[in-house]
Amino acid sequence: MTAPAQSSATRIVHRSCPTCEASCGLRIEIDPARQSVIRIEGDPDDARSEGYLCPKAYAIKEVFEDPERLKRPIRKRSDGSWEEIGWDEAFDFAAARLGAIKREHGANANGFYIGNPTGHNVGGQLYLAPLMNALETQRSFSAATMDQFPQNVALHNMLGDSWMFPIPDIERTRFFVCMGGNPLISQGSLMSGPNAKKHLRAIQERGGRVVSIDPRRTETAEIASQHIFIKPGADAYFLLSVCQVLFAEGLVRLGRLAAFTDGVEQIERLATPYTPERVAKATGIDPETTRQLVRDFCASEGAWYGRIGLCIQEFGTLASWLVYVVNVLTGRLDAEGGMMFPRAATGRCEAGRAAEPFEVGRYKTVARGIPEIAGQLPCGVMAEEIEASSAGEARMRGLVTVMGNPVLSSPNGERLTAALEELEFMVSLDIYLNETTKHADLILPSTVQLEHENYDFLFETTTVRNFSRWSPRLFEPEQGMLDHWRILCELGARMAGVAWEVVDDMMLKGMLAMMLGPDSAHPEITPEEAYAKLVDDHGPMRMIEAMIRLGPYGDRFDEASDGMNLTRLRDAEHGIELGPLEAHRLPDAMPFERIALAPEYIVADVTRLAAGLEERSREDRLVLVGRRQMRNMNSWLHNLPALAKGPNRCTLLINPDDATRLGIEDGKYVRVRSRVAAIEVECRVTDEMMPGVVSLPHGYGHRVQGIRLSVAQEMQPGACSNYLTDEAVLDLPSGTHVANGIPVEIQAV
Ligand SMILES: Nc1nc2c(c(=O)[nH]1)N[C@H]1C(S)=C(S)[C@@H](COP(=O)(O)OP(=O)(O)OC[C@H]3O[C@@H](n4cnc5c(=O)[nH]c(N)nc54)[C@H](O)[C@@H]3O)O[C@H]1N2
Ligand SMILES: Nc1nc2c(c(=O)[nH]1)N[C@H]1C(S)=C(S)[C@@H](COP(=O)(O)OP(=O)(O)OC[C@H]3O[C@@H](n4cnc5c(=O)[nH]c(N)nc54)[C@H](O)[C@@H]3O)O[C@H]1N2
Ligand code: SF4
Ligand SMILES: [Mo]
């Protein structure tokens, strides 16, 4: 492979792209003297991405160059304008205000919201702890309750670890069923792997099949061997009918899983009434299609995968759980070509972990009495928890948002917009003055991707191929800029009244004490010896170093061994390739001794499902689902010209029959109304939509005053689909919101 020409003043550096889960390898040409990026290409030597990249790869350059991104803390003046202040003053201000609220009204008078990019930044993720410890609040919100939380709940109850995701063995499978996901666009979620199109095509090229089950004929469905329309929210009915067919036709084969799985008979009892005929009206799927799909799946090795379309819906936990049940009943869990468990270099999926208790209802929301579930509250209740009219004296008065834009990404954004104004104090860790952070009293901006080092921490547990990757800092940040971890650590430390260095050391030493010592798996080294050997003085890479050296590929702090350590990791320009996923990791790698196929907590919700069948079979209301797009990442890439250019993308897709019935024309604007609000959007009439279902992307809605996103406002303002999302409707076992399957009315305007 010949490298492209390069001038002598420039340098080629490699790092991974932190924008989406795929974590593609990038080859970046920079001019160090000018601190500028000249070119971004896919890294052909990255074993996972092999040179692939998508248009969003340019986000790291464009965010870095964006003149509107914030570089210094800004504080709101009493007239609503903003002034830059120093870090010292900013930290003191935030700590004093949050501290005062805590003292006067109790810890729960503060709350926090954690947004998606936190998962893409190792420092952000690891240093949430000091802030949370200082706040001590039960009001903990995050994007998880608009995302994968039903899957967490299912896995917690089945395997004993909510973050132990089985990942489709996309590189080897011969039959891939994809429900409620569009990997061609998302690049695979909880199936993190670059170039989904290549992988799906390869399945077909080796004689296998790809089946998409989705209310929209998505980009993935377009290249699939088969696409089946399903009515939104009906997946649990459909999956129970899949189980019914498996039992009725004698196709249940647990294989080696049988030795450590409980609850098979109970699943059979639950599934028996749900014949494909009985659920056909509710799902919109012809019974013979279901039967044939089940037979075909069983005839070949395969992986049955479900993603966000199955999560943010009325029966999110049941649907997510049943996907895993189908994989177990067919012996595809933990098997080659099926769904397997990655082996993270940081060792988070190894034998010997204790199961975390699954706790529910230790506390409840004030306004509606919604129980906490494993420490989470639904993010869409933030507004009612803030409003004096709903939560009274026990209301939330202080809020910290960390890399999140809940006004656009969580339910009933208009209500949240108004509620945020009622807060006594709000501080946002964010790089933009946007729809959410404009309500803050203080914004704390961090360095951006090219200005800090990173480690792909979360996605080594969700990858389609084992890898470990560190990414270097390419440019020195301007003086006075801080990394995420420093900001979070220092904010927590100031609230606790200690120096951030002390908090940083305490965290690390606490971790080492848990991992090492006489009774641990590593009696050969003491926590003190390990501490002395760590390369960095501060920051997240110390914790990563400890995890890696004690992890499955690590050097156990023995420099003579050829195992992984931080120096070797940092020297590996293209990341460290750790091979394909391995089968037969269960039961050792899960905290439970046996798979609980029918956990009581989840099975209890089948009653709610059963009660809804008749109504679902009858109804013919129009419902709204979401849609991801190649050049978006949730709400935050619209201010980047390279990604925002082109025609309006915030369009409502509607089936021609529905359009004719409602008198709607292609290209015209329509008003979409839900129980909570109405918005106006441009309409596209297309038979890619299932009749009765319309689709709108989320993350738009930049036409508001007081934000600094002029490119987004000019090029892709759109309207906010989550203004329509009803915060009152929940998937009960997980407290996750229903953003897919929202009943709407549509009118031409
Ligand atoms: N209707 C509907 N709603 C959805 C979804 C859906 O499918 N349909 N999907 C849901 C899902 S899966 C998710 S994950 C959520 C996302 O929900 P959120 O995480 O709340 O929203 P984002 O748009 O990702 O907001 C990211 C924020 O982080 C800031 N940011 C980005 N990069 C950096 C950085 O490097 N440093 C700092 N300090 N800040 C940064 C951005 O400015 C922005 O404010 O949306 C959810 N909402
Ligand atoms: N380009 C791009 N990539 C992204 C993101 C992005 O915003 N843009 N966001 C990232 C994030 S945060 C996440 S969580 C992942 C999500 O990754 P995916 O899960 O692949 O997300 P979507 O593309 O939203 O796919 C959801 C699909 O579910 C379908 N659907 C809706 N309701 C139902 C239903 O009731 N049943 C069924 N069976 N299907 C339904 C929708 O039509 C849609 O095709 O993507 C990540 N990658
Ligand atoms: S697919 Fe994701 S990780 Fe790969 S270049 Fe695009 S945004 Fe970056
Ligand atoms: Mo997400």
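Start by selecting strand β6, residues 110–114, which is mostly covered: five of its five residues are buried. The model is a predicted one, so read each stop on this tour as a description of that prediction.

Colour β6 by face. In a regular strand the side chains alternate between the two faces of the sheet. On one side of β6 are N110, F112 and I114, on the other G111 and Y113, and all of these are buried. Both faces of the strand are therefore covered, each residue falling under the 20% relative accessible area that defines buried.

Next, add the neighbours of β6 in the sheet. Select residues 398–402, strand β17: this strand pairs with β6 in the parallel sense, over five bridges. To find the register, pick G111 and look across to L399, its bridge partner in β17. Then select residues 140–142, strand β7, which runs parallel to β6 and is joined to it by three bridges. Here I114 is a useful marker, with S142 as its bridge partner in β7.

Keep Y113 displayed and move to ligand 1. Y113 is among the closest residues to this ligand, together with N116, S409, D430 and S635. In total, 29 residues surround ligand 1. Colour that shell by class and there are 13 nonpolar, 13 polar and three charged residues.

Which side chains should be picked for polar distances to ligand 1? Take H484, where an N or O atom of the side chain is 2.8 Å from a nitrogen atom of the ligand. Then take N722, which has a polar side-chain atom 2.9 Å from a nitrogen atom of ligand 1. Finally take R628, with a side-chain N or O atom 3.0 Å from an oxygen atom of the ligand. Switch to a surface view: on its own, ligand 1 has 910 Å² of accessible area, and the protein covers 96% of that.

The last stop is the cysteines. How many disulfides does a search of the whole structure find? The result is zero. Select C243, which is in no disulfide; the nearest cysteine sulfur belongs to C298 and is 11 Å away. C243 counts as buried because its relative accessibility is 0%. Then select C650, also in no disulfide, where the nearest cysteine sulfur is that of C720, at 8.6 Å. C650 has 2% relative accessibility and so counts as buried.

How values were computed:
Residues are numbered from 1 along each chain as its sequence is written. Chains are lettered from A and ligands numbered from 1 in the order in which they are written. This is a predicted model: local features need pLDDT of at least 70, side-chain atom pairs count only at pLDDT 80 or more; totals for chains, interfaces and linings use all residues. Side-chain values use heavy atoms; hydrogens and water are left out. A residue is near a molecule or strand if one of its heavy atoms lies within 4 Å of it. A polar contact is a pair of N or O atoms within 3.5 Å; within protein, one must be able to donate a hydrogen and the other to accept it, and residues adjacent in sequence count only if both atoms are side-chain atoms. Accessible areas come from the Shrake-Rupley method with a 1.4 Å probe; for residues, only the protein chains shown count as cover. Ala, Val, Leu, Ile, Met, Phe, Trp, Tyr, Cys and Pro count as nonpolar, Asp, Glu, Lys and Arg as charged, and the others, Gly among them, as polar. Buried means under 20% relative accessible area, exposed over 50%, partly exposed in between (1.4 Å probe, protein chains only). Helices (H or I, at least four residues) and strands (E, at least two) are DSSP runs, numbered from the N terminus. Two strands pair if DSSP finds at least two bridges between them. A disulfide is a pair of cysteine sulfur atoms within 2.5 Å.
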